Amino acid sequence: MKIICVAGTRPEAIKMAPVILELKKNKSFDVRVLATAQHRQMLDQVFAVFNIVPDIDLDIMQPNQSLPTLTARLLLKLDEVLQLEKPDVVLAQGDTTTVMTVALACFYLRIPFGHIEAGLRTWDMENPFPEEMNRVVAGRLAKWHFAPTESSRGNLLKENVSPEKIWVTGNTVIDALQSVSAVQLPLDLPIDKSKRLILVTAHRRENFGLPYIEICKAVKHIADKNSDVQILYPVHPNPNVKETAYELLDGHPQIILCPPLDYLPFVAAMQRAHIILSDSGGVQEEAPALGKPVLVLRCETERPEAVDAGVVKLVGPNFDAIVKECQLLLDSEEAYSAVARGVSPYGDGKAAERIHKILSEYAAQCA
């Protein structure tokens with residue numbers, strides 16, 4: 001059975017890597033890796049960590065390309081490749097433009113498509129944008145829905161997806177994290193061990209403009225008011241993020257601005273962090289497993305499990321809320337301990353094994 005595993009961005013590569021490596025153990029599978037390179041450099045370095053070399057590379061990334069242009073170019077190239085490769089199964093993960101176009105291309109060519117990390121919803125097409133639309137479309141077109149949690153399964157059932165098409169597997173991000181975080185990883189940055197480290201990631205499209213300015217001002221205020229704090233912010237290269245970050249935060253003695261970290265150094269940064277401020281979806285899954293409190297710089301989340309467990313809190317791109325909740329965690333040991341509990345509602349590190357088993361059973365049925 002020929003299986004094509006697709007990844008286009010860094011988070012996809014992280015979450016697809018355990019699946020690719022697990023499926024390659026099966027000698028009856030012909031596993032091919034397709035990189036769309038929606039994010040070129042960040043995708044490549046993650047694959048290098050897991051010793052994965054793409055068999056097919058679309059090299060789709062261009063500077064400042066619009067969403068319609070990206071979608072159109074992806075769809076045309078995917079159509080060409082899939083017709084040539086003739087896979088029996090195609091797998092993709094998450095909610096990027098890559099995933100949505102893969103699902104659509106498979107639908108047009110009548111190729112069975114498996115959606116990894118299926119069923120995440122905010123029920124608001126504008127937030128996150130365009131990710132909510134991407135995963136809804138992928139969900140409508142999938143044959144297999146590999147849901148990370150029971151909550152995600154429930155979302156799919158609300159959309160009238162047949163229960164026979166849904167499997168709760170856990171999230172493959174925990175598989176990847178467990179494989180690399182067993183040791184204390186090196187972090188080659190001037191981190192002051194005498195200070196409490198706050199790690200910041202902020203890059204969501206819906207936060208561009210005034211919301212992002214609010215985030216930066218809050219970060220600066222926290223640094224100004226807490227001399228025992230150091231802030232590490234790996235800045236996304238998007239000009240909407242980078243220009244504002246350096247304008248408002250560069251030169252502050254307690255703030256380190258740096259380019260995006262590779263996967264292993266980023267895990268090291270999470271390991272060392274006292275608090276994490278982030279609008280990333282993956283961080284909401286990874287940080288609780290490491291026992292790190294997360295303040296989410298978004299008003300909504302498609303990952304409510306960690307919020308319900310009390311290890312993640314939504315603060316939005318709001319100056320007052322960010323400052324208030326961060327200061328509480330800095331000032332109150334009781335408040336901090338209640339959040340930093342090492343609770344992971346996203347799986348046990350065996351999601352890839354479960355996906356492998358499901359596809360093996362399908363292959364046996366088709367034989």
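Biologist: Are Lys 15 and Glu 285 buried or exposed?
Modeller: This is a predicted model, in which local features need pLDDT of at least 70 and side-chain atom pairs count only at pLDDT 80 or more, while totals for chains, interfaces and linings use all residues. Residues are numbered from 1 along each chain as its sequence is written, and side-chain values use heavy atoms, with hydrogens and water left out. Buried means under 20% relative accessible area, exposed over 50% and partly exposed in between (1.4 Å probe, protein chains only). By that rule, Lys 15 and Glu 285 are both buried.

Biologist: The side chains of Lys 15 and Glu 285 meet in a salt bridge; how many residues apart in sequence are the parts that the pair ties together?
Modeller: A salt bridge needs a side-chain nitrogen of Lys or Arg within 4 Å of a carboxyl oxygen of Asp or Glu, and this pair has an N to O distance of 2.7 Å. Helices (H or I, at least four residues) and strands (E, at least two) are DSSP runs, numbered from the N terminus. Lys 15 belongs to helix H1 (residues 10–23) and Glu 285 to helix H11, so the parts tied together are apart in sequence by 270 residues.

Biologist: With which residue does Glu 117 form a salt bridge?
Modeller: Glu 117 is itself buried, as is its partner. The closest N and O atoms are 3.4 Å apart, and the partner is Arg 303.

Biologist: Is Lys 313 buried or partly exposed, and at what relative accessible area?
Modeller: Lys 313 has a salt bridge to Glu 325, with 3.3 Å between the closest N and O atoms. Glu 325 is buried, at 13% relative accessibility. Lys 313, by contrast, counts as partly exposed because its relative accessible area is 41%.

Biologist: Lys 292 is buried yet has no salt bridge; from which residue does a backbone oxygen lie 3.0 Å from a polar atom of its side chain?
Modeller: Lys 292 sits in the loop between helix H11 (281–289) and strand E12 (294–296). For Lys 292, the nearest side chain of opposite charge (Lys and Arg positive, Asp and Glu negative; His and chain ends not counted) is Glu 286, 13 Å away. The backbone oxygen at 3.0 Å from the Lys 292 side chain is that of Ala 273.

Biologist: How many salt bridges does a search of the whole structure find?
Modeller: Some of the charged residues are linked in a network of salt bridges, among them Lys 15, Glu 117, Glu 285 and Arg 303. Over the whole structure, the number of salt bridges found is 21.

Notes. A polar contact is a pair of N or O atoms within 3.5 Å; within protein, one must be able to donate a hydrogen and the other to accept it, and residues adjacent in sequence count only if both atoms are side-chain atoms.
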